[in-house]
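Reader: I am new to this structure. Please show me how to read it, one feature at a time.

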Amino acid sequence: MDDNTIIFQPAPARPAPSSRVGPRAWLRANLFGGWKDTVVTLILLAILALTLPGLVDWMFVRATFFGDADNCRQAGGACWPFIVDKFNVLMMGVYPQELGWRPAVCAIALIVLAALTYTNRVRGIVLIVAWAILPVFALFMIGGAFGMREVDQSLWGGLMLSIMLALVGVIVSIPLGVLLALGRYYGPPVVKSLCVAFIELLRGVPLITILFMASVMMPLFLPPDLVINNLLRIQIAMILFSAAYMAEVVRGGLQAIPAGQTEAALALGVSRARTIAFIVVPQALRHVLPPLVGRCIALFKDTSLVIIVGLLDFLGMIKNASLDTTWLGFQAEAYVFAAFVYWLICYSLSLYGRELERRGPSAQKR
Amino acid sequence: MGASWNGAARPRKNVNTELAETIMTDTIESQIGSEDEIVIEMKGVNKWYSDFHVLKDIDLSVTKGERIVICGPSGSGKSTLIRCINHLEEHQEGIIKVNGTLLNENSKNITQVRREVGMVFQQFNLFPHMTILDNLCFAPIWARNMPRAEAEKTALRYLERVGISEQKDKYPGQLSGGQQQRVAIARSLCMNPSIMLFDEPTSALDPEMIKEVLDVMIELANTGMTMLCVTHEMSFARSVADRVIFMDGGEIVEQNTPDAFFDNPRVDRTQQFLSQILTH
């Protein structure tokens, strides 16, 4: 560097112009960005103005919050005491009331584990084992084990049953789906065609059909001394159905992993099986987290179909409750409540999934 | 043409000893032995991609500690050649022996060879879902059953040697290309290989980062590591290589010492190639 060298000084960064920040800028950018945006915004506001007052009036203003059916009929609005009265039944079905603490313990365990996962307190293998143990624990608690009174599965119902079906379904069908996807993607021809056949068969049939098969036809094929109870048959059917979809989601992730990743691991002398288990599958699952969460939500909602094979899940109990003669005429409240509960759980799952996506190396890259 | 090359006395250039002394002591220990020992032997190797003949009758012997640069136009089979050495590509005809182990369908042999041969890729191929430290520990733990503590100790030592130990808890995506490639080199070295293959290690890098990777490679060369390097860095070839191999159309066209190769190429195709890359 001689004396004639000009020293390069990077210019300091300046704040953005005020027209790009603040509430006015937000309104402009999001609602009134041009004449098209403005028209859409006004139309949507009009629709809200037409529908919202009536809804608020029915749900809150004229609604009855305390009292009995007669109070409700006089007020004319929504009848929330009905939901309060039926709450236990909606949650647990005809499960013995005095044993209600057992499902409650399971619910708390589920919430605690979910919170620990969400806050990233528990990680790695401990996390996987905890989630694998949870449904087993729940089955023992609800069904009765360790000297507790046994409760027959025909008495299980309500939201408890819906969550059980979905939770066991998700926890078993994801690993099964991964295996199916691996079989389809890496397997020798025989394994590959078996996996393809299974996946395409299950995906080609509506869930209702599979549930009917499991509930009505399966006992006909099984040897008479092998009795599998109805709930278990339904659960297996849901797992297999879900696994077929999970497999296709996971396969998409497997295809997204560059060949260089496997090559690098193989070149280091790592075996093929370990390369797939530690390099390919974890990355593939991370890639497909959004659709995977989507499948979990779909599976939870699909549990409402079990009503047609005689299980009284949450929606089944809602239907039952609205037929109660004491509370006749309050169907709408029951279904609004059902919609709210389904939405609450599905939206939580969605938020949960987004948080999991946000984490990890792919997020730090940007 | 280059037949008299195997085992000939080679001048050791680039005696950047200060760094070389400190680097990779394990490697040096494993390198002690006969200088003329043949570690890679390829005889009549042929390979086809379906019906495209990509390698044609390749004969190549590499002695211990030899540093070879392979160059040639794209599609000439140079990458395929070195990928055959650790069996990432399968050859259909001929014999490949690495450290006396014959490469065939026997997966035991393949694994054996891969543990002794390190490879550095053009696209780095670090594992993006693992921290830098975990990237380095992965193979020693899962391919050599090394205890985690020991693997981490080795990993840290190599990270320090390539100058990025302070990045050990970051993810690959947070590092620059040059840093990633240095991590990739360190990752290979953690398996304590006796041979290193480089497949265009600087081709995906920004100009400012090429030097930091080449410096690490030069240091490695000075430890006596056997190296086969596909590269277009001709200054590297000139200063480090014992032998330069020029390939075209799946054949070894010419091989010679770097000085003779660059100053006095004998085959017209080589002359044409060199005039293309040296005068652009």
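Author: We start with chain A as a whole, then turn to parts of chain B.

Author: This is a predicted model, where local features need pLDDT of at least 70, side-chain atom pairs count only at pLDDT 80 or more, and totals for chains, interfaces and linings use all residues. Residues are numbered from 1 along each chain as its sequence is written, chains are lettered from A and ligands numbered from 1 in the order in which they are written, and side-chain values use heavy atoms, with hydrogens and water left out.

Reader: How many helices and strands does chain A have?

Author: Helices (H or I, at least four residues) and strands (E, at least two) are DSSP runs, numbered from the N terminus. Chain A has 16 helices and 0 strands.

Reader: Is chain A spread out or compact?

Author: Use the radius of gyration, taken over C-alpha atoms; the globule rule is 2.2 Å times the number of residues to the power 0.38. For the 366 residues of chain A the rule gives 21 Å, but the radius is 27 Å, well over that, so the chain is more spread out than a compact globule. Its C-alpha atoms fill a box of roughly 100 × 60 × 40 Å along the principal axes.

Reader: What share of chain A is buried?

Author: Buried means under 20% relative accessible area, exposed over 50%, partly exposed in between (1.4 Å probe, protein chains only). In chain A, 41% of the 366 residues are buried.

Reader: Now chain B. Which residues cover the two faces of strand β7(B)?

Author: Strand β7(B) spans residues 195–199, and 5 of its 5 residues are buried. One side holds Ile195(B), Leu197(B) and Asp199(B); the other holds Met196(B) and Phe198(B).

Reader: Which strands pair with β7(B)?

Author: Two strands pair if DSSP finds at least two bridges between them. Strand β6(B), residues 117–120, runs parallel to β7(B) over 4 bridges. There, Met119(B) has Leu197(B) as its bridge partner. Strand β8(B), residues 226–230, also pairs with β7(B) in the parallel sense, over 5 bridges. In that pairing, Phe198(B) has Cys229(B) as its partner.

Reader: Is helix α3(B) enclosed or open?

Author: Count its buried residues. Helix α3(B) covers residues 78–85, and 7 of its 8 residues are buried, so the helix is largely enclosed by the rest of the structure. Among the buried ones are Lys78(B), Leu81(B) and Arg83(B).

Reader: What comes just after α3(B)?

Author: His87(B) does, with a positive phi of about 60 degrees.
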